[in-house]
Amino acid sequence: MMLLYYLLIVAAFLCQASSSSSSNVTTTAAAVYIVTLKQPPTSHFNHINSLLTTTSETGRSLNIHKRRRSNSTTTTTTSSYISRLHDSLLRRLFRGQRYIKLYSYHYLTNGFAVFLTPQQADKLSTKKEVANVVLDFSVRTATTHTPQFLGLPDGAWAQQGGYETAGEGIVIGFIDTGIDPTHPSFADDATEHSYPVPEHFSGICEVTRDFPSGSCNRKLIAARHFAASAITRGIFNISQDFASPSDGDGHGTHTASIAAGNYGIPVLVAGHHFGNASGMAPRAHVAIYKALYKRFGGFAADVVAAIDQAAADGVDIINLSVTPNRRPPGIATFFNPIDMALLSAVKAGIFVVQAAGNTGPSPKSMSSFSPWIFSVGAASHDRVYSNSIFLGNNVTISGVGLASGTKKDTMYTLISATHALNNDTTSDMYVGECQDSSYFNKDVVQGNLLICSYSIRFVLGVSTVHQSLETAKNLSAAGIVFYMDPFVIGFQLNPTPMTLPGIIISSPEDSKKFLQYYNSSLERDGSTKEIVRFGGTASLLGGLKANYSNVAPKVMFYSARGPDPEDSSLDDADILKPNLVAPGSYIWGGWSSLGSDSVEFSGENFALISGTSMAAPHIAGLAALIKQKFPSFSSSAIGSALSTSASLFDKNGDPIMAQRAYAFPDQNQSPATPFDYGSGFVNPTSALDPGLIFDSDYSDYMSFLCGINGSAPAVLNFTGQNCATYNSSLSGTDLNLPSITIAKLDEPRTIQRSVINVAGNNESYSVGCSPPYGVSMKVTPSHFFLSAGEKQVLSISLNATMNGTSASFGRIGLFGSNGHKLNVPVSVILKVSYS
């Protein structure tokens, strides 16, 4: 009904615009605008952002932010009041004119999204109640083995009492493409333990024809969808996009299962068993806020509405595997509706995780910008699926493909698709891709290995492996072999499931060797040149068995890199991004029965895909374990625990490497820097026992924003607060982050960091440091003792000893007498020697 309502209103809006001659309003460029008002939101009235001071046994106070949950009745009443104020403002201003209010934002931000003409938007921006009017913009979407690779069974899970209780009582909200509620990863009867919905949570489940009553349970405890902005643009298709929380893409089901999927769910794909899957926090609860769609991605107005609702419902963590399609314009990248809504979420005690983006490996390619957001890059893990083909000339060629092998010790004849055409098949340059079995002579192919071309059309989704497999089946082939078209240079293939023996030879060079063998084995008639015998033979060894010999982790080529761009001119911010890397390459995760994002996994319950979208939910799930153990930890405290405990070395004890090129990435790699992997690769076991934390709060972030030159109007517009009430001299370097980043060191600097002992025991620490090249660095004190709950201020003095424009990197290490080790990366970009 809501979809029909929006469509009718939009139609009436456009109809009136085209027929009315008396109105001065033109709708030729009508668009969605996000409006912020000066009056505080609901969360302000409920005082949920107050500081909780807990006192340690020693009597010292430990200041860590903890959210107080609001009374749902009070929240609803205040929300309705704010919504009525929005309606009243619009009616008074646009009396007799058409407009469509899409959302009222009331919990984190007092504002609304509205469909207007530019002239109406200009008029709205002049009203005294209005702080800001911003044009809506588009956004896009950016594990059987990874729990073992991360050491969860004997580490973090064991510390929490085992997988049966890991993440219990914590709610993770996912802003994504929805969910498949029938997936076993989200059933609430996986164990016999009681599974109550947390008292602090008040979310609801939408009920629609494709998301019926009973879709939610004690595991999946909320599900809603947000599409008003997409609907007003006329691009929403109810039959493909689903006006419900149902996942028509697969991405949302995948990310939710990585973070919080049930323990021990069998991964059955294409009839093969690939082990059992588990989320990082298998007992955490899942809340879904669908704001992204397969065909067009999404829009900021819908995403902000989803964030606002998630916070109002009471989620503890927000996972946002979403990035903007462009770098936000304006005085700084931080000033955009999504980041500002997330700042308010952090103020409300919510830990926010965002994918760094799949725009690497070039510098300044980050799509997640703000210091209050935990930005996650993608790294590999050690599991690989190898497949290979053994040729009749005793040469073995490797490739990919989640497929069984041919019969052992049996060689099969190789038949190219282009040599098996029916007599009446017309010339088609793409016939070698094997997309239509009617083109081919079954008598020639039957019982043999069919050779098909893997061209750029497969990369673009025009042709599919699935359809080639159907062709091979229809022709009764014994198996299928894909060779790589030479124009597909350096493209990395995900292992693809196959329902019959098969392989994709992923290297153009190996494909060339394979074709040379095949062609040289053909016997042709001397006069007609017709093929009289197919002499090439091969056997397929299969690719179902995983091995764990891969050197890992390494930063993947697609993972976005720092330094963090402060503005659209690509000036560098004094903020380290990404914050961390986590497994994001070849990740098994739940898949929607309606999923269409990867056609090769269509109809399957699991999919193996890659991206920073897969890395972020690993961190969201691990953050749930930290929140469960330390319920009073603020968002920044959770981020600190994850960052300072991160690993800098791969499983062989060597420095983590970073891939540097899209083409042939394994041949183009070098040691990773903080601009590749932030603080390093996540270490869950150590993160649950960080020893010390670096804590920041909302006022620190506000002071940072106010410290940006000329930012006061933007701060007022987005937050309704005056920079006069904050310390506007605070820079990004001065934020109490578990890292130090200096974009320009042109004079001696002394930077302070404060740490709090959260270990519960007294501990002595020694300080070590390795300065960035071309920089002198000293940390004082070099030794200190902290009682439980006590704070220590560290002073870090830095000075450039040479001129240079290339970034250099160093580290500060804090080594505790009880075994705690903290790593603080130091990055300096522009260096100007000062004497």
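Buried means under 20% relative accessible area, exposed means over 50%, and partly exposed is whatever falls in between. Keep those cut-offs handy for the exercises below, and remember that this is a predicted model.

**Exercise 1. Work out how Arg218 and Asp188 pair up, and decide for each whether the residue is buried, partly exposed or exposed.**

Step 1: start with the contact. Arg218 makes a salt bridge with Asp188, and their closest N and O atoms sit 3.3 Å apart. The cut-off for such a bridge is within 4 Å, so the pair makes the list. In general, side chains of opposite charge can pair when their charged atoms come close.

Step 2: place the partners. Both Arg218 and Asp188 are in the loop between strand S8 (171–176) and strand S9 (220–225), yet they are 30 residues apart, so the bridge links distant parts of the chain.

Step 3: apply the accessibility cut-offs. Arg218 has a relative accessible area of 35%, so Arg218 is partly exposed. Asp188 comes in at 18%, so Asp188 is buried.

**Exercise 2. Find two salt bridges inside helices and say how far apart the partners are along the chain.**

Step 1: go to helix H14. Lys473 bridges to Glu470, with 3.8 Å between the closest N and O atoms. The two are three residues apart in H14, about one turn of the helix.

Step 2: check their exposure. Lys473 is partly exposed at 36%, and Glu470 is partly exposed too, at 27%.

Step 3: move on to helix H15 (residues 508–520). Asp510 and Lys513 form a salt bridge with closest N and O atoms 4.0 Å apart. Asp510 and Lys513 are about one helical turn from each other because they lie three residues apart in H15.

Step 4: look for something bigger than a pair. Arg561, Arg660 and Asp676 are joined into one network by salt bridges that share partners. The full count by this rule is 16 salt bridges.

**Exercise 3. Which residues make up the nonpolar surface patch, and where does Val462 sit?**

Step 1: name the members. The patch consists of Ile456, Leu460 and Val462, which together offer about 300 Å² of accessible area.

Step 2: zoom in on Val462. Val462 is found in the loop between helix H13 (456–460) and helix H14 (465–474).

Step 3: test Val462 against the cut-off. With a relative accessible area of 53%, Val462 counts as exposed.

**Exercise 4. Track down the backbone oddities: two cis peptide bonds and two positive phi angles.**

Step 1: recall the usual picture. Most residues other than glycine have a negative phi, and most peptide bonds are trans.

Step 2: pick out the cis bonds. One joins Lys577 and Pro578, with omega about -5°; Pro578 is in the loop between strand S30 (554–555) and strand S31 (580–583). Another runs from Thr780 to Pro781, with omega near -5°, and Pro781 lies in the loop between strand S40 (775–780) and strand S41 (783–786).

Step 3: pick out the phi angles. Ser476 isn't a glycine, but its phi is positive at about 60°. Ser476 falls in the loop between H14 and strand S24 (479–484), and is partly exposed at 27%. Lys529 isn't a glycine either, and has a positive phi of about 65°. Lys529 is in the loop between strand S26 (522–524) and strand S27 (531–534), and at 54% relative accessibility Lys529 is exposed.

Technical notes. Residues are numbered from 1 along each chain as its sequence is written. This is a predicted model: local features need pLDDT of at least 70, side-chain atom pairs count only at pLDDT 80 or more; totals for chains, interfaces and linings use all residues. Side-chain values use heavy atoms; hydrogens and water are left out. Patches are made of residues with over 30% relative accessible area and no salt bridge: like charges are joined within 9 Å, nonpolar side chains (Val, Leu, Ile, Met, Phe, Trp, Tyr) within 5 Å. Accessible areas come from the Shrake-Rupley method with a 1.4 Å probe; for residues, only the protein chains shown count as cover. A salt bridge is a side-chain nitrogen of Lys or Arg within 4 Å of a carboxyl oxygen of Asp or Glu. Helices (H or I, at least four residues) and strands (E, at least two) are DSSP runs, numbered from the N terminus. Buried means under 20% relative accessible area, exposed over 50%, partly exposed in between (1.4 Å probe, protein chains only).
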